[in-house]
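Open the model in your viewer and keep the selection box at hand. This tour goes from one stop to the next, with something to pick at each.

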Amino acid sequence: YDGGRGGGRGRGSYDGGRGGGRSVGSGGGSYDGGRGRGGRGGGGRGGGGRGVPGIVATNPTSALSNLILADVTQNFRFYLYGIESSSRDGVKVDSVNRRRALFMRGLFDAKEGLLSRVGVPEKEADSLRRVVFFEGSFVFSARKIPGLDHTNLPRVLVGGKVKSDGDGAEGAIPVSDNGDSLEVTAVTVYLAPSDLMTKAAGGGAAAAAPAKKPATIAPATTPWGKKKKAAPKPAPKPAPPEQTSSAPSIALDTRCNDCVSAFKDLEGLMSHCKVTGHSPAYSDKGVPANREVFLAYCNVALQRAMVERMARWGREYIDPKSFQEPTGRDGQSLGVKVFKAYTCEFGLHRPTANGGKLSLTLTVDLRAKVLRNKSLLDTLCDGRNPNNCKYSQRDMDDAQRTWKSEVVICKYDKRCYSVIELDFKHSPASLPVEGQNMSHAEYFQQRKGITLEYPNAKPMVAVLGRNQSKIYLPAEQVCGNELEPRLKMMLPQIASFKPPDRHAAIEEMKRFLKPGAQKTKGVGGGLLPALGIVLQDKRMTVPVTMLPLPVILAAGVAVPEGRKSNWAPNLAQARFNVQAGKAVQLNVVLVYHQHLRQTQNSVYERLRDMVNNFSSTYRFGAKPYAQVEAGDMERHWGAVERYFGGTKLPSNIFVVDLSKPAKRAASDPAYSVVKQMLGKAGHLSQFVNFNTYDHGNPRDMRKSTTILHGCARQILSKCGVRVWWVNVPRSLPTPAVFVGVDVFHAPRKYDPKEKKRTAKESVAAIIVQVLRSTDPKKCPTVEIYSETARRDAGQEMDLGAVMGKAVSNALKILKVNPMSCVVWRDGVGDNTIEQVAQQEIPMVRRALAQTGVVGGTGAAAKPPTPLTYIVCQKRINTKFLTADGQQGLPAGALVQDLQGANHQSFYITGTSPPYSTPKPVRFVIAQRDKGLMTTPMTDLSWALCHDYPNWAGPIKLPAPVQMAHKLAELAGGFADCGESIDAARYANKIYFL
């Protein structure tokens, strides 16, 4: 389980999405309760406010990032080799592992490999192996591979039928046992991107040229294996260049051309060359790489540098011997190990401090990885001795139901696998490995160096391996990947890192990647410097601006400045003063679990009073319109279906469901089924989870009241009441249309029928919100329209038609002729921003050109509506700390001086949790029309971070895109992916909270 991103999805709320998952303390109590209270510091997106004294800075003006500037050396270059592989029948070999095996054999085999056939010494071959990176359909290499010059390509490395493709020893090639072959087709020599190699404006020449060449030695032309002539005496060390405001993009090249070595200075390089007969790195003809290819090479090399000293766990790297075992308040172990996991990635930025020029940067971050101490075998034995533990048929059936299709993680290599079944007939000692002539116990001893503690203990765990194959793992070597709800709630305390810990880890990783850090590889062994990538000494600093808190009005009363991190207490006093005769009475259908038969009326009365105390447009009746008793699972949705299917109903139905999932489960499988039924009919609903908190017999009445009061606010928000108002910049042309877009992707799980890991279809959600005026008196209710769309599993792109249709329908139903439009799009990475923008923006423009006002002038006479298109990126590794690294940034901190390679961008820290390092969201402006140039998108985005009706505090994302996320997740749980939702009947209703 990756605890670095917070406590999972937080099962304290159904409709709240991530509800309370990051909360410290009590979170939730209601399914629709969103994020819950957030306990001592607020939930993951809400709470925390402007910061906690001592942990979060106050009014900072600058920040230290976790980005390190990097230079490329003068003669930086790399090689890209294209490869093709086919079977005996000429069919393309798709298996990456098979292609890799063929390539490594054809090139590095000690007897038949190409390098041995052209006379490359074994030591030189090992050095080359370190800088060759196999990537499936192509290969990166930091050095030219002997025998694979462009003059002799294409060249077969492994043949399928014959033993030779030419004359002499060099022509003999290995032949695969099954007829598969692999051929190197072409090679391209790449240099760094041209815009990375040029200096900033005013910096002088177009390309940074060294004062003198590092050496006057030509590349050796002697054959491989023969001793080269000693290098001549090096030229005098050139004087360091004058320091300017812009750091140079090109560093002095102190690499060896013939091995993987880099040195801190020229003297070290030339001494090495004199002893070994090697030569310094020299210039080579090549073409500038595009940014994507360049970053791909840099990051592949970075992964190799990390894995040489650390163990890989997913996308992060850990030291397997360094971990902590947290304990509870009673001092007892919590049964998990917490590892520090490092994530590193190269990127391209245009920092203002570096003159705004394109710069290579390394982002270094720290996360937590959590691993159970208890293995699956320990769980099954439940305290009994595994050597003689006997399982009853009921035990085995329960274990199969519990673990089948679940994900387990290997303790020795941290890889995750989907469980196919548990084999109670065999143990590691009795089950042979197919085709290996040895048992699994012997295989682990001989091949992996692991001596099993219980080789005779059953069962074996059948999991899904490569290419959908079935493999078996000893139960003592795997553990469950899912944590218990109790541990999930504790993750913020046990699996988060505060700013000082993160700062120290970043500094340690920076030292590790510097030249000479990897001592196990000898002198000059740092891999990145050997490839021509040199990290600078200091991390990047950026200016910080504190965004002012927006004006927040609750029922016309301004929220005090000190309450703007959590204004829920102010909402309890809010009164809308709508006369009872003008209010709409909701006909409440109360669905309750059979175990709540004695308390459902008292809970309804408390909830009714809270709703009615707002004196809003909507009220609950003195008694429910009807009551429906339900059970678990099908007895829950069955009872609801029977009532709504056979009863003539009045208008203004509102369903309150008091649920109590079986076995004290945090979630109820019936929830999504009932929600889908009600969504098809257009009924509003509110679920309250009695497993999270028993409101019928509360031990703490204040806690119960707080949770139910949050439910009351949600009920009014779902009906369309604007519970609070947030001021937006007055320069925004109104009526304005805000569009939020997100796509929900269901996790992949093992499907016993398909016998492979499959994922449910994805769901896209479009939220269209209208703001008629910046005057709150003119906007007493919410104007909103939403649609969902079923997508292929994992499909994020091609939403243009869906967005255009949703915006067009919204303008017609809401009858608005917009003067401006701002789109916030979630789920788009840097590499696809341009593609997504080009596909989606034209469709939105087309929809905006159609007036939604009845009797309008038509598309031909309507001037273009100014549009801004912003991509929100919340899953980023960028962090900002104070200059000493001891504090995080407060909520509302704005960073604008760290621009992306292609688009204008800014960072906003939305929340400041007390238990971890605040994480900003990057906003990338892909399009901004002239008509919106005077409206500050930073202020608008920050204001709308306070407008999400599910949480009375700031969140990370503007409300429209957060609501899209919530709706997509809700519809993603439906069997029909939300296709039955009646969008027109739900207009002006935030039903999905």
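In which strand is the place of T361? Select strand β12, residues 359-372, and T361 is there. Bear in mind throughout that this is a predicted model.

**Stop 1: T361**

Turn on the surface. T361 counts as buried because its relative accessible area is 0%, under the 20% cut-off. Now show side chains. Those of T361 and H349 are joined by a polar contact of 2.8 Å.

Next, expand the selection around T361, skipping its neighbours within four places in sequence. The contacts include L67, I68 and L69. They also include the run E345, F346, G347, L348 and H349. M540 is in contact with T361 as well.

**Stop 2: F78 and Y297**

Switch to rings. How many aromatic pairs does the structure hold? There are 27 aromatic pairs. Select F78 and Y297, one pair that is stacked. The ring centres are 4.2 Å apart, with 10° between the planes. The pair links distant parts of the chain, 219 residues apart. F78 is in strand β2 (residues 78-86), and Y297 is in helix α7 (residues 291-307).

Are these two rings buried or exposed? F78 is buried, with a relative accessible area of 0%. Y297 is buried too, also at 0%.

**Stop 3: F323 and F339**

Move to F323 and F339, an aromatic pair that is tilted. Centre to centre, the rings are 5.3 Å apart, and the planes make 50°. Here the partners are 16 residues apart: F323 in strand β10 (residues 316-324), F339 in strand β11 (residues 336-351).

Check the surface again. F323 is partly exposed, with a relative accessible area of 33%. F339 is buried, at 3%.

Keep F339 selected and add K414. The charged end of K414 sits over the ring of F339, 5.7 Å from the ring centre.

**Stop 4: the cluster**

Go back to F78 and Y297, then widen the selection. Which residues form one aromatic cluster with them? Add F76, F133, F138, F140, Y190 and F294. Together with F78 and Y297, they form one aromatic cluster.

**Stop 5: R129 and F108**

Finish with another charge over a ring. Select R129 and F108. The charged end of R129 sits over the ring of F108, 4.5 Å from its centre.

Conventions: Residues are numbered from 1 along each chain as its sequence is written. This is a predicted model: local features need pLDDT of at least 70, side-chain atom pairs count only at pLDDT 80 or more; totals for chains, interfaces and linings use all residues. Side-chain values use heavy atoms; hydrogens and water are left out. Helices (H or I, at least four residues) and strands (E, at least two) are DSSP runs, numbered from the N terminus. Buried means under 20% relative accessible area, exposed over 50%, partly exposed in between (1.4 Å probe, protein chains only). A polar contact is a pair of N or O atoms within 3.5 Å; within protein, one must be able to donate a hydrogen and the other to accept it, and residues adjacent in sequence count only if both atoms are side-chain atoms. Contact means heavy atoms within 4.5 Å. Rings of Phe, Tyr and Trp (its six-membered ring) pair if their centres lie within 6.5 Å; planes under 30 degrees apart count as stacked, over 60 as edge-to-face and the rest as tilted. A charge sits over a ring if NZ of Lys or CZ of Arg is within 6 Å of the ring centre and within 35 degrees of the ring normal.
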